[in-house]
Each structure stands twice: as C-alpha cells, then as structure tokens.
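Welcome, and thank you for coming along on this tour. Please open the structure in your viewer and keep the selection box at hand.

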Amino acid sequence: MTENYAPEENAGLDQLASVPENRRRELLKIMLAGSVTGMAIALPGCGGGGNGASATAFPATGGSGTSAGASPGNSPPPASPGAAAQKISSFTISVLPDTQFYPRYASEKMGGLYQKLYSGIDPKYDNPFKTQTQWIAQNAKLLKMPFTIHLGDIVDQSWYYTSEKSTPWSASTDLVGNGQIGNGQVTKEWELASQAMQVLEAAQCPYSICAGNHDVGAIDSDMQWGPDWGVGVTGFANNDGYQDGGSHRVGLFEPYLQVFPAERAKRQATFGGRHVSGFHEYHVFEAEGNKFLVLSMSWRASDDAIGWANQVIQANKTLPAILVNHQLVGIGSDGKTAADTAYSNYMWDKLIKDNDQIFMAVSGHYHGSCTSTKKNSRGNDVYLMVVDYQMAYMGGNGLMRMFEFDLTNKKIIASSFSPWVPLKPAATLNEFDAAWLSDSNQSFTLDLDFVRRFASFNPNFTVPDGSSDSGLTDAARKIILTNYSQPPQKAARLPTSTEDYPKVGSTLAHWRFFNASAADGDLFPYQPGQQIQDSSAGGKNPISVNTWMGSPGDLVWSTSHHPLSAAPGSLRFLNATKTKSSYFTTDQNSTLNVETFPSGYTIEAFVNIDPGFDATTNGWMGILYRLGARSQLPGFGSGEGDCALMFAFSNLMEFQWEIVPVNQATNLTCWSGGVSAGQWLHIAIVNDPSASYATTMYVEGAPVLRNNTNMQGIQYVSPTQQIAIGCGQWAGNMSTGFLGSIGEIRIVGVPLTSDKWLTARAT
C-alpha cells in the first residue's frame, strides 16, 4: 500500500485485496514484518463436501452476493464464447501459524492485553487465536475446508503451566460450552490455547497439532527450549539429546502432552496415530473424492520419530502427503527469502527427498513468509513453505494462511489474511491493520498438475466434475472484506532540508550522526574525545568517542539514512562484538546522567541493523545505556549486573527498552517484535505520566504489543555514571557493541505525539 493511499469506504473487494502493503509494514515484518464438550464418538470431517452452502454469519464481515472480482491469477480461465463456464473442483485447508503470543498476552498473568486494548470487541472474539478458529468453524462448509493445520508454538511460555495451575485436558473438559467462549473465565495461557482449538472440536472440524520449541522441555528442565538449528549452522547431528526422547527431555513434565494428549487427538475422525513420544501425529482427510495424508512433526523430531514417519508413509503409500514441521526451512533477514538450514537439510535427506508422496511441506518458527521449490529423488517438485506472523503488528494481528487446492485448474492458491482485524472496533484501526495481504510472498499461486504429480504412487487419483462456479479463495476474500474498510494510510512527507523537522521544547539532547563535508566511506576522526555535538537548543550534552575497546576503521561516515530523517547521513558502527566496540559517552558532568524524567519522556532513534548481525556475536548489543550496575541501587541483589536504562537489540532481533523506575526496586521492559536487518527503522519510546506512566514503543510508527505501565521516571546509579551510545554494559564492564548505523538520537523530557516526532516535518 502506498504511503498516501486512502481508499473510500465503498471501495470494492478487488481494490481492498490488491492494495500492496506499505514499506513500514515490510520493515515491521508483517511480511509484507512489536505472550468443548467431551464426545464419546469420533468427530467427523468438517466442510469436505457440498457445493458451498451458506456460511454461518461472522460479525462485521460475512454477507452474501457475488464477489466484486478475483485477484489476478486466482480465477479460472474465461470460457470460450458461447460455452458454459467450467465448474471448479476444489477444496481448502487452513493453516494456523505460531499462535504463541495470542494466549500469552490474553492471559491473566500478562494483564489481558488484547482485552484491554480492544475493550469494545465482542468478548467471543477478544483474542486473535479464538477468532481464527471460530472463523474456520463458521466458514468451513462454505469454503469446503475438511482440515486445519497448526504449525506449533501453540503457547509462548510453556513453563507457566505449573505456576498458573493449569488444568490438563480430559474427556469432560468444556472451555467452549455454557457461554464460556465469551465470559472471560478462561485466563491461563495453556487453557486459552486449548479453548481456541476446542472451538474446532465443537464444530467437528478436524485438525493436526504439533509442539513447537516454546511448547516443550521447560518443566523440571535446566534447558528451556534447546538449540535452534537455524540459518548458517554448518553441521547437524540429531543425537545431542534435545530431540524428543533425548536425554534432556527424558522424564520431563510436558504440558503439551497434558493439554493435547493422544486421547484428545483420537477423537477426530481423521486421526491415524501418534509416535510413541506423543509429539508427532498423522491424519487422513478426504476431499473431492480423494484422500490426503497430513504428517505433523513437532520440534526436533528424533531419528526414531523420523523412522516412524517413513513407516506411516509406507503404510499409506497411495496418499499424497503434506508434511508439517514446526521448524524446517529458514528465512533470510528480509523476511521473505527462503534459506536452507542444517535441520531442513537433515529432514530433506532423511524423510522428504525419497518419499515422492510428500508434495508440499509447511512450517513456522522463522519469522516471515517464503516459498521454495526443490526436486526430490524422482525429479518431482516439492513445495517448501514457511509462514509465521508472530513478530508482526500486535503479535501477529490474527493473520493466518489458507491453501485452495484447485484440482480443475491445476493450482494451489495461497492466501494470507486476518479474520480478527475486521472485528476490531473501528476507532482502534490504524494503517498497520491489514485484513488481506497481497504481497507476492503472502498471496500467490503454485502450479500443480495433481494427476500427473501423483501418478507414480496413485494412478487412481481423479479430478471430479466441478461443483463451484468460482474459486473458494474469492469466497474467503469476500467473507473477510465485505463490510470492512481499510484504514487510510498516512501520507509520508520527505524532508526538504536538514532542518525540516519539529523543534520541540524540553529537548534534552539531540545527536545527529552525519557529516555534510564527509564523503561516503570516510573514516570518523579516531581520536579519544572527538565529539558529536548536541544540536538541541543550548547544545549542553555533546558525546565523545571512546576508543579503548575499538580500532581505526570501526566508525565510518555514510550518506545512507532513513527517508524520513532530515539528517542526510549516518555513522556506521563496524566490527563490533561482545568485546570490541567504538562507542560514545556523555561528559561525566552532563545533566543527562542524573535526569530522572519526572514529566515523562520521548526517546527517538533512527537505526539500521547491519546485515551481518549474528545472534551469538551481536545479540543484546547496546544502542543507548545509562551506565552503572543496578546492583548498586537500593533493593537490588549483587547479581544484578544490568543497568538502570537499557535500549538494546536482542539475539532474537527485537528492540528492548528496559528501565528501573524511580519509585520501584524492579526493572520494567517494553519489547518490539522481530525486525529485519539492513533496513532503516525509526524507533520511538514514549512515557506518559498522565496515563499511569504507560510507556509505548513504536517501530516505524506502529505501537508494539509488549508495552508496560507504571514506569515512573528512570533511576541512576551515580552522577558520574554516563550515558553510552553504541555499546552495552554488564556488571560495570562494557560489553557488546552496536553493529549497524545510527542516524539520529533525540531525548525529550516530555511525551510527544507523532506529529512532533523526527519523522514529521517542521510545518
């Protein structure tokens, strides 16, 4: 979506669905890129037949009538003049990507953030997870949807099962009936997740489920999740004990097995069986007269589990197979380019390449959305797809994936959308709320001649006569977008000069890291004490370079900058590690060192994370710190080596704002979602005393989900402990320098609205 696009309220469905996501959403990794009545009988299939009966009404969406049009590439070819239009034989399956933040932030322990942020929403839809499964249940028949896939990371903090006193599932569990779906009585993370999936059970809509790394290995274990075999890992040996049944997980209390035991899975008519560990399962569903196998593998499947999976495929050797893995293919730093991982290569060699029945594999875990194609040992294509929206706006914003299998036109049509966004109160919607995603990595079409592709193992696979006049993707789009108006986009005004930004009172410091007289690539003068001036009125707080941890060449002038920054350049911080850094500090007598921010504050920064960022080497790198270990503050223990103010970048590529308030002996934190390296980002952190000292972090203008309240002021350890830019500190020792570019940092002693930020213009 262009920055200045503002559709009319009566815009057609085509217009709404084809609006491209704006650059801000891409940077945010909305990928586009911030916690049932038991039945004695098996549940039959859901939505597998018929020719599209009416859907149950879904609040604020739904509606009837013909679609205003189809997305490019999604419609069947036009009929020849005088010929009857060809009926379409197709069905859909829905995919729930990592839902982990939905139950976490809807839980009582986190203060019911979704319920508070969207207090006007119908309580039956007051968190995105519950809304997703209700949308599936209410529309499965219309969309001919016989099956749903969950990609794992069902919850975020599995270890809270014990402290929250969660109740295990049993045949009598009822978290949906008797009005409980909308009365707010389900408040525990695991039970909220269980409730959401129970919606499908109550509607007799079968699903597969698997455990992600956040769902396993946390109770009575010294290792929370185990290693993440990600992009760049050169070797993989699946014998380190972290896989299911491995030494690190033997005898652990596994909440996943309490909430989603085999007994629960067996109640679905599609259920085929589980691995002895209880972590992997398979289902067989029927659609359009053909049967399909879904093989769902949890995080870090053992070699024994992979052997079991091979046996399942052999026992169902005529069935096309969809492989589900929590973690498989990786994603590059742009959030949309597929990348092999050590684990995906391992699974390819051990399970995928020699099983021709596996024609597609879907996984989550890695933040973003991508698709790649590989040839198996028979020379046939296997589509490998990742979809994970957990680091998007509002923890995922209810985004999910649907695949339409159009047998008639030999296509798999992927679409990504949010059934939750259209239900939000209109007053809460903003430019980051997208109901239907249209970028090429979000909504796309894959060519697949089903009969030819499956011929080697199922020569009897058939394409029946069609029963639908139009595609099911169009029907889903109509349900989502009818009666929904896309929020208007704010117009972006580029700066016309270096001074084209709002000058505001109460500015305590403003550092602009550019040199108009330097050529791109020139070295920063590398002498101790070389300064970056404070451009605020009075200029009382310049910062000086520290060189004892660094070396010449670590700081380089650049003309690169954020397009909305009036500073026409930046300073690159290179070669930084946990023990090497060139950074800046305020003077020892700077007033910033003792500023407690009694009237609130606004901290802004333009930063660009270097594409070479490595979680092991650069994780938790410092952007802006107030030096001095908080162990020296009253009420803190000797092991508290962190500082009283930390603006850092985590090993998960999240921005962290953590402070010690003046009235509490504790640390409080705001977190962004994961962001992409190699992109300019504007971060604003606003503390408002008039709203219970609520602190909100904004990334590219979008408020993040994981904010905090009661953050009154900021403590300091001693007047001589300085502010550091470009490096962190722990236990009094400088540690982990910033790797990337900084354009501007501004500190204001009052909360500012966005029209006063550095991204706005002077007039």
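Which residue in β5 stands opposite Arg 274? Select Glu 281, because that is the partner: Arg 274 stands opposite Glu 281 in β5.

Before the next stop, a word on what is on the screen. This is a predicted model, in which local features need pLDDT of at least 70 and side-chain atom pairs count only at pLDDT 80 or more, while totals for chains, interfaces and linings use all residues. Residues are numbered from 1 along each chain as its sequence is written, and side-chain values use heavy atoms, with hydrogens and water left out.

**Stop 1: the mixed sheet**

Select β4 (271-274) and strand β5 (residues 281-287). Helices (H or I, at least four residues) and strands (E, at least two) are DSSP runs, numbered from the N terminus. β4 and β5 run antiparallel and are joined by 3 bridges; two strands pair if DSSP finds at least two bridges between them.

Now widen the selection to the open sheet of 7 strands, in the order β4-β5-β6-β7-β10-β12-β11. Its pairing is mixed. At the edges you will find β4 and β11 (368-375), each pairing on one side only. From one strand to the next, the twist averages 15°.

**Stop 2: two helices on that sheet**

Add helix α10 (residues 303-315), which lies across β4, β5, β6 (290-297) and β10 (358-363). α10 runs at about 175° to β6. Axes are lines fitted to C-alpha atoms, for helices over the stretch in contact, and angles run from 0 to 180 degrees between N-to-C directions.

Then add helix α11 (residues 342-352), which touches β7 (321-325), β10, β11 and β12 (381-388). The direction of α11 makes about 145° with that of β7.

How far apart are the axes of α10 and α11? They are 10 Å apart, and the helices pack at an angle of about 40°. α10 and α11 are therefore oblique to each other (angles under 35 degrees count as roughly parallel, over 145 as roughly antiparallel, 65 to 115 as roughly perpendicular and the rest as oblique). To see the contact (heavy atoms within 4.5 Å), show Asp 303, Ile 306, Ala 309, Asn 310 and Ile 313 in α10 with Tyr 346, Met 347, Lys 350 and Leu 351 in α11. These residues divide into 6 nonpolar, 1 polar and 2 charged. Ala, Val, Leu, Ile, Met, Phe, Trp, Tyr, Cys and Pro count as nonpolar, Asp, Glu, Lys and Arg as charged, and the others, Gly among them, as polar.

**Stop 3: another helix pair**

Move to helix α5 (residues 128-139) and helix α7 (residues 189-202), whose axes come within 8 Å and cross at roughly 5°. That makes α5 roughly parallel to α7. Their contact has 8 nonpolar, 3 polar and 1 charged residues. Among the residues that meet are Phe 129 and Ile 136 in α5, and Met 197 and Leu 200 in α7.

**Stop 4: the antiparallel sheet**

Here 8 strands form an open sheet in the order β18-β19-β22-β31-β24-β25-β26-β27, with antiparallel pairing. The edge strands, β18 (531-532) and β27 (668-674), each pair on one side only. Inside the sheet, pick out strand β24 (residues 621-629) and strand β25 (residues 643-649), which pair over 6 bridges. Leu 624 stands opposite Phe 647 in β25.

**Stop 5: covered places**

Is strand β20 (residues 555-558) covered or open on its faces? Both faces are covered: Leu 555 and Trp 557 on one side, and Val 556 and Ser 558 on the other, are all buried. Buried means under 20% relative accessible area, exposed over 50%, partly exposed in between (1.4 Å probe, protein chains only). β20 pairs with strand β21 (residues 570-573) in the antiparallel sense over 4 bridges, and in β21 the bridge partner of Val 556 is Arg 572.

Next, select helix α13 (residues 472-481), where 10 of its 10 residues are buried. Just after α13, Asn 483 takes a positive phi of about 70°.

**Last stop: the cysteines**

How many disulfides does a search of the whole structure find? The search finds 0, where a disulfide is a pair of cysteine sulfur atoms within 2.5 Å. For Cys 727, the nearest cysteine sulfur is that of Cys 643, 10.0 Å away. Cys 727 counts as buried at 0% relative accessibility, and Cys 370 is buried with a relative accessible area of 1%.
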